[in-house]
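Trainee: Could you take me through one part of this model up close? I'd like to look at chain B, along with the chains around it.

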Amino acid sequence: MLIRPKEGILDPQGKAVERALPALGFEGIEHVHVGRMVELEAEDPERLAELCEKLLANPLIEDYEIQTF
Amino acid sequence: MKWAVLQFPGSCDERDALQACTLASGEARLIWHEERDLGDVEAVVIPGGFSYGDYLRAGAIARFSPAMEAVAEFAAAGGPVLGICNGFQVLCEAGLLPGALLLNESMRFVCRQVDLVPIAPLDALSTPGGAQSNERREGRRLSIPAKHGEGRYYAPEDMLDALEVNGQVAYRYASDHNFNGSARGIAGVRNEAGNVVGLMPHPEHAVDPLTGSTDGLRVFEAVAAARARA
Amino acid sequence: MTVGTAKHRELGLTDSEFELIVEKMGREPNVVELAMFSLLWSEHCAYKHSRKLLRQLPTEGERVVMGPGENAGAVDVGNGYAVAFKVESHNHPSAVEPFQGAATGVGGILRDVFAIGARPIAILDSLRFGELDSIRSRHLLDGAVRGIGHYGNSIGVPNVGGEIYFEEPYEHNCLVNAMCLGLAKTKDMVRAAAAGIGNTVVLMGASTGRDGIGGASVLASAELGDGDEAKRPTVQIGDPFEESKVLECCLELLEKGLLVSLQDLGAAGLTSSAGEMAAAGGVGIDIDVARVPLREADMEPFEIMVSESQERMLAVVEPARVPEVLAVCEKWQTGSAEIGVVTDSGQVRILRGGEVVGQMPVEALVDGCPLYDLEPAEPAGWIYGNRATLAAGTSAENELLALLAAPSVASKRWAFEQYDSVVGSRTVRRPESADAAVLQLPESGNAIAVSIDGNGRRVACDPYAGTIEAVLECAQNLACVGAEPLGLTNCLNFGNPEKPATAWQLDQSVSALAEACRALGVPVVGGNVSLYNEGPEGPIYPTPVVGMVGELPDPAQVAGSAFVAAGDAIALIGPFAPTLAGSELAKQRGELDKGLPQPDIIAVAAACTIVRDAVRAGGLASAHDVSDGGLACALAESSIGAGIGCRVDLQPLRDRGCLPEQALFGEGSGGFLVSGERGVLEALGGVFLGEVGGTAIEIAAGDRSIVVGLGTAESAWCSLPAQAEHGGT
């Protein structure tokens, strides 16, 4: 599961990364968002969205994305 | 007045909160997070700290504890609940208060004495429909320490508008004191029913003239007054 | 399963030490045994280059409850309560990874304090970095401050004070010393000695992983040169949440009287805690590594024995109480495992299931390491560099502003605001509001004050005088808040003691520490030694960090360091005879040199008594010790803190023979800057200097007189954030 701040919410970590990039020679990068990744093994992937809604993400401030392998 | 102070693994300010409750009025006891029964408690305080290490998100795990289930029922029945710092985060995560608390704009933990303006503390009569202007009910400023890394209050614009109209902005930082970048300078909010309040600064650390200020007592007194009225 | 003789060298043992081990064992050690010997015979555990010197230190006093040799020292504060305290270094781990290094440094010192049954009530820290124009120094500062804040804030122990100095010799070897104080009921305190043959050994807290393997030995005993960065082993990762659970768990166990003894697992992990517990109790101990909860299943016995995984405690429990102990651990959701037993064998035996994988006599393992004599030689001159940052002919005003903006002098608000200083409801004086932190103790009806100090630059100039000054500065800081010293702890941070010049610094410094403590009647209740602090350019400044704890009867009678009201008189108390030797100004002028005047300990002690009594009687509006940057900086600090200017004339110092710039910026022990009623100050023997008032700092000093607006002075003094974050003012 990838969890990141919702578009439009001030993300100071993302901003700090973005500000540091030009000094390191990385030009043309914008909209940096720092989120987190939760790795887990689930028998029943059906309920993962519910797990994100209830615990892993706060839907008021965060978007999530589920990737299954 | 019988107070309960919740204690989670990782709580830090629960002893200070106990002392503050006692100084404000009555007696107080700790409720371990696994307890499901609040007994004959008349007001609940959810103290500051780093419940469950604040892992995942501040307050995200604590909200699922048995004691929090009991608090939700207590609040639904009109019982007064005060959430301080991490306790405020827990209440927001639990959906008992609107909004969320994000990383401070500076990305640093800050411990600083701040001035708060009481707008609608729990003893202010709630004003359905927001007929009365919040600003007219502003009380004397309170000098209270704040200490947190994730205390920037956030809610979507339409929710913020609704909070203002409904008289749910409980405390605002005085101008120049909004160090964490909170939306509209909001330091604390209350629920629509007016019996649950949360704030980031720590009134329990402002109850003794020797340690800086006694203004925090007014926050606890407001909770006690809400109980008396209910 | 014996090992080749070459292995011992990689583990930091000399050939003759290895031969001694073989002799004591009667055979060659196997891998497990060699690993354990190498740790317990390291400088860090055996103090092999410092133990002989440390015997000079006075350790006894009426109020001493626990002295050196325990996890922390403790002094009686009345009403059946004792205050435990200790300072410890975490320098090398912090130089590798400042956030985790500093965080685990705080975690370690907290465990030392709750291991004796005291609830931690305060943290202080003493930090040293290179100059802030270096990116590396800014990175280390930022990481260390965040790490200290992260751990202390999360666990709910207030950080109430400390000091930070920035000097080039710390560029590659920063210093992170953390001090913790705890409060205990004296009767509930517990020692670390294992006792009771047949008692169970219980490991509590986090599971054991491969963190910091070889850490204590390799990290603390090897000098690092250029390009050695990759050889540094992985640092330990701290988990304050786990520690907070272990802390509450241990205190509950002790309160219920369920433990015979308790010890934390620090550097050298299970090896040192099990070995030292057995040695202290004069018993043997069996440890079964198969019962140790592991994070990685495939760990070798030697890895389990030397792992430095954090947040672990070792307890000795009577077998009948074990179920109760495990139940309390369960309540606090912290791990617990019965991993061993106390024996009468006099041996440390390591088992894996039924198989013995190591067996060593306790005495040989813990106390068998040879102690070395130093071979000191006094260097002929100044052995460190000089870098002028102030141009010749700079005006006195600009010198004052440059000194106020020097990061070592400037306000440390940027750092201490990142620490929770109020949790626990004891903090009567927050950082920078007084010269010492003051904590109220409602339990014993009084208060304690604490200060931590050690100006390495001055010790570098003169290890003897500089160390005495460090002790006196602590005593002066305590006097400013009305406190009388009860005890002292120290952390001796030095370079490689096998080098004659460093050996001389260490020898001089410890002798001076002993003399100062004896003269002041302050016992040394504990300490820590960190040697081999060197970078490619050479050793760090010799840095004895002194932490002093004192008592005051009434927390309401405490003076602050800031002036209080316009119209108050300003006076100087004490035998202050400032010179530019070793001063911040001499540093900025690039004029540092060997030698400092010898302080008069007895005269300074007398001044401390006068100030302390006056503060307790409520006779002083403010009291501030004259320190870095001299009297001009002390005046500026007291003015900025109050938001009121001052008007003074330094003629009285010039009458003592000081040149104008010595009177303004000279440093030395024994100066108290006080304010209050003129008659009261003069009755105390204070020399009247002027008055509080106005909006400028006005100092008459002959041809070097100063008038600086308060706002200008304040911007200079508050410039640390810009310097810390970008390197500029």
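Mentor: Let's settle one term before we start: helices here are DSSP runs of H or I with at least four residues, strands are E runs of at least two, and both are numbered from the N terminus. Also keep in mind that you're looking at a predicted model.

With that in hand, take chain A as a warm-up. Chain A has two helices and three strands, and going from the N terminus its elements read β-α-β-α-β. Its radius of gyration is 15 Å, whereas a compact globule of 69 residues would come in near 11 Å. Along the principal axes, the C-alpha atoms of chain A fill a box of roughly 45 × 25 × 15 Å. Just 7% of the 69 residues in chain A count as buried. Take the contacts in chain A between residues at least 6 apart in sequence, and 57% of them join residues at least 24 apart.

Now to chain B and its partners. On one side, 10 residues of chain B are in contact with 10 residues of chain A. By class, that side of chain B has seven nonpolar and three charged residues, with no polar ones. On the other side, 21 residues of chain B are in contact with 23 residues of chain C. Here the side of chain B splits into nine nonpolar, six polar and six charged residues. The elements of chain B giving two or more residues to the side that touches chain C are α1 (14–24), β6 (110–118) and β7 (142–148), and β6(B) gives the most, with three. Two pairs of chains touch, and the B and C pair has the most contacts. Chains A and C share no contact, and their closest C-alpha atoms are 12 Å apart.

Stay with α1(B) for a moment, since you can also follow it within its own chain. It packs on helix α5 (residues 216–229) of chain B at an angle of about 70°, with the two axes 9 Å apart. An angle from 65 to 115 degrees counts as roughly perpendicular, so α1(B) and α5(B) are roughly perpendicular to each other. Their crossing is right-handed. From α1(B), the contact uses Ala20(B), Cys21(B), Leu23(B) and Ala24(B), and α5(B) answers with Gly216(B), Leu217(B), Phe220(B), Glu221(B) and Ala224(B). By class, the residues of this helix contact are seven nonpolar, one polar and one charged.

One backbone detail in chain B deserves a click. Asp54(B) isn't a glycine, yet its phi is positive, near 60°. You'll find Asp54(B) in the loop between β3 (43–46) and α2 (66–76) of chain B. It has 21 C-beta neighbours inside 10 Å, and the cut-off for buried is 20 or more, so Asp54(B) counts as buried.

Chain C has a residue to set beside that. Glu432(C), also not a glycine, has a positive phi of about 70°, and it sits in the loop between β14 (427–429) and β15 (437–441) of chain C. With 17 other C-beta atoms within 10 Å, though, Glu432(C) is partly exposed.

As for chain C as a whole, it contains 27 helices and 28 strands. Its radius of gyration of 26 Å is close to the 27 Å that the globule rule gives for 729 residues, so chain C is as compact as a globular protein of that length. Its C-alpha trace spans about 85 × 50 × 45 Å along the principal axes, and 65% of its 729 residues count as buried. Of the contacts in chain C with a separation of 6 or more, 85% come from residues 24 or more positions apart.

For a buried example in chain C, try His90(C), in the loop between β3 (81–89) and α6 (91–96). It has 33 C-beta neighbours inside 10 Å, so it counts as buried. Beyond four places in sequence, the contacts of His90(C) include Gly101(C), Thr104(C), Val176(C) and Ala178(C). Ala102(C) is another of its contacts; the two are 12 residues apart in sequence, with 6.6 Å between their C-alpha atoms.

Technical notes
Residues numbered from 1 in each chain as written. Chains lettered and ligands numbered in written order. Predicted model: local features only at pLDDT ≥ 70, side-chain atom pairs only at ≥ 80, totals over all residues. Contact = placed C-beta atoms within 7 Å. Nonpolar A, V, L, I, M, F, W, Y, C, P; charged D, E, K, R; others polar. Buried ≥ 20, exposed ≤ 12 C-beta atoms within 10 Å, placed from the backbone. Rg over C-alpha atoms; globule rule 2.2 N^0.38 Å. Axes fitted to C-alpha atoms, helices over the stretch in contact; angles between N-to-C directions. Parallel < 35°, antiparallel > 145°, perpendicular 65-115°, else oblique. Left-handed = near helix turned anticlockwise from the far one by under 90°.
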